Structure formats: C-alpha cells, structure tokens
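Biologist: Hi! Could you walk me through this model, starting with one lysine and then the spaces inside?

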Amino acid sequence: MTSDLKVPNFTLTDYSKFFAAGATCCTLSHGLMTPLDVTKTRIQVQDEYRKLNLVSGARRLIATEGPSALLTGFGPTAVGYFFQGGLKFEMYEYFKRLSVLGMGSHQEAVKNRTPIYLTSAACAEFVADIALCPLEATRIRLVSDKNFANGMVDGFLKLTRQGGFKVLYAGFVPLLAKQVPYAIGQFEVNELCHELVNKSLSSERRKQISESQSAELSLTLGCGLIAGVGAAVLSHPGDTLLSAINKNPDPTKSASSQLITLAKEAGFKGLWSGLGARTWMTAGLVSSQFFMYKAIKDALGAPPGIEINA
C-alpha cells in the first residue's frame, strides 16, 4: 500500500522551476568563482604552481599573464554549469520522488533514506554530466593552455576538429569520478545536516524557523557550507585526474587506461594536490548554490522538495 506516502505530485511546471532555479544558482556561483577555479586548475596541472595556494597562485598568474587570465574559461563555465546545474537539481527532485514511491510506504522510505539520497544524487549527476562534459573539456583546455584558442566557441570548435566526440568526451569517466562523489557529498551531507539540526530543535523552534524566510535561508547557508567541505573531499582525486586528462587527452587510448597512467604518475600526494584551495572554493560554491536555489524557488513559487522525515 502507498496510502501513507508523503509524496507531492510535481508537474512539468514544477520541474521547470527546479531547472530554472538550479541553472541560475550554478551559473552565478561557478561564474563568480572562475578566478579561483582558474588558479586551482593551474595548481593541479602546472608544476610551477603546485606549491602555491590560492592567493599566491593568483598573484603569480596576474604577474605573468595579466588580470584577464583569471577569467579564462568564463564562457564555457557559465554555459556548461547552466545546463549542468539545471539538470542536476531538477533530476535530483525527480529521482528522489521516484525512489520514495518505489519504497511503497513512508516507513520504508525513512528506513532507506540514505540510499535514496545517494542513488538520487548519483543518477541526477550522471544525466547532468552528459551536458557538461564537452564544455568542461573546453574550459580546462583554455585554462591549462593559454595559447590553445580564443574563447569558448573557438576552443570548442578546435577540440571538435581535433577528435570530435571522442575528444569532447575523453574526460567523461573522470568527470563522473569527480562529479558523482561531489553530488553525493553535496546532497547527502546537506540532507544529513538538516536532519540533525531539526532533531536538535524543539517543535516550537522548528515552527519559528519555518515561518521566517531569513532563518530558513541562514540554516540553508550553514548546512551548505558543511556539505561543500564533504563534496570537496570526496571528489578531489577525480577533479585532479579530470584536469590532467583534459590538459592533454590522447584520442588513441581509452579514458580508463589514461586515468590509470595519470594516477600512477601523480601518486597519492599528487592526487590530493590543491585540496586546501578547492575546499575553500567548494564550500563557497555549494553553500551559495543551496542559498540561491531556495531563494529562487521561493521567488518562482516552486513547491518545496521532498523531505523524508521520521
């Protein structure tokens, strides 16, 4: 029986609002973080930057290439994460609802809420990465090789001419290795934080927070910061390999073989290069995304996401 299931019946309009909110928050957050992302990528793929942090790396980049270098790859970042963010947040709501319905009862959904969060995040990210991969390949090539092309369109077309579909999706496996753990950390840790906070509060305090938009947004921001740290740690080795394989992809070899070779060359220490810089960046990204996502959803009149509460 499914009579006790607390599952809303989302419409196409609802999903379009989820997409719009996700697309907007991810485009804005990733776009604003472009200077940090450029510096982080240089730390990961160029030997002369490896021992630098975000501040010293940015200073070196400005001194050697000028301030405009910090905005390298802004175009593919903004466009790529528009589609990736929209699909990720929309599909997370879709797969979570589908998973809850598959449990058959609210009690089973509560009992299996962690697998539901993990599976929904992974499936949503897989769909989103299909759209992101070609633009992420373009962005990384532009950042790692300043002489490669003049902007997003030129870089995308040049990659296409070099190897077509195979080159554009050469980083798909490492992208999944980065983005799926990232999404799991982002959504699972965020859901866990909200659950722990709600359990620690009295029913009266929970009601007060739910009736105050500023209090709800503050809670969203705080949980998002913690989720960002989890996302950064879980996804960092994949992020390092993604940067490396897109810096110089070999269309004659499979992605798996390239990953194994790159992982051996980097070693354990190399795979975690730039983690400190990326943790700061990711905490800011994830927290701002959840903050903006909720604010935009509220402004659009979108329904709240499914909560699996005991």
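**A buried lysine and the spaces around it**

Modeller: Happy to! Lys 178 counts as buried because its relative accessibility is 5%, where buried means under 20% relative accessible area, exposed over 50% and partly exposed in between, with a 1.4 Å probe and protein chains only. This is a predicted model, where local features need pLDDT of at least 70, side-chain atom pairs count only at pLDDT 80 or more, and totals for chains, interfaces and linings use all residues. Residues are numbered from 1 along each chain as its sequence is written, and side-chain values use heavy atoms, with hydrogens and water left out.

Biologist: Which helix does Lys 178 lie in?

Modeller: Lys 178 sits in helix 8, residues 172-200. Helices are DSSP runs (H or I, at least four residues), numbered from the N terminus.

Biologist: And what is Lys 178 in contact with, leaving aside neighbours within four places in sequence?

Modeller: Tyr 81, Glu 136, Ser 235, Gly 238, Asp 239, Leu 242 and Arg 278; contact means heavy atoms within 4.5 Å.

Biologist: Which side chain shares a polar contact with Lys 178?

Modeller: That of Gln 179, at 3.5 Å. A polar contact is a pair of N or O atoms within 3.5 Å; within protein, one must be able to donate a hydrogen and the other to accept it, and residues adjacent in sequence count only if both atoms are side-chain atoms.

Biologist: Switching to cavities, how many of 30 Å³ or more are there?

Modeller: The structure holds 2. About 120 Å³ of space lies in the largest cavity. Its lining has 15 residues, and the closest to its centre are His 30, Tyr 81, Lys 178, Met 281 and Leu 285. On a 1 Å grid over the protein atoms alone, a cavity is a set of points where a 1.4 Å probe fits but cannot get out, a pocket is an open set with protein on both sides within 12 Å along at least five of seven lines, and lining residues have an atom within 4 Å of a point. Grid points are joined across faces, edges and corners, and a volume is the space filled by probe spheres set on the points.

Biologist: Nice. Which helix gives the most to the lining of the largest pocket?

Modeller: Helix 8, with 6 residues. That pocket holds about 770 Å³ of space.

Biologist: Is helix 2 mostly covered or mostly open?

Modeller: Mostly covered: 10 of the 12 residues in helix 2 are buried. Helix 2 also supplies at least two residues of the lining of the largest cavity.
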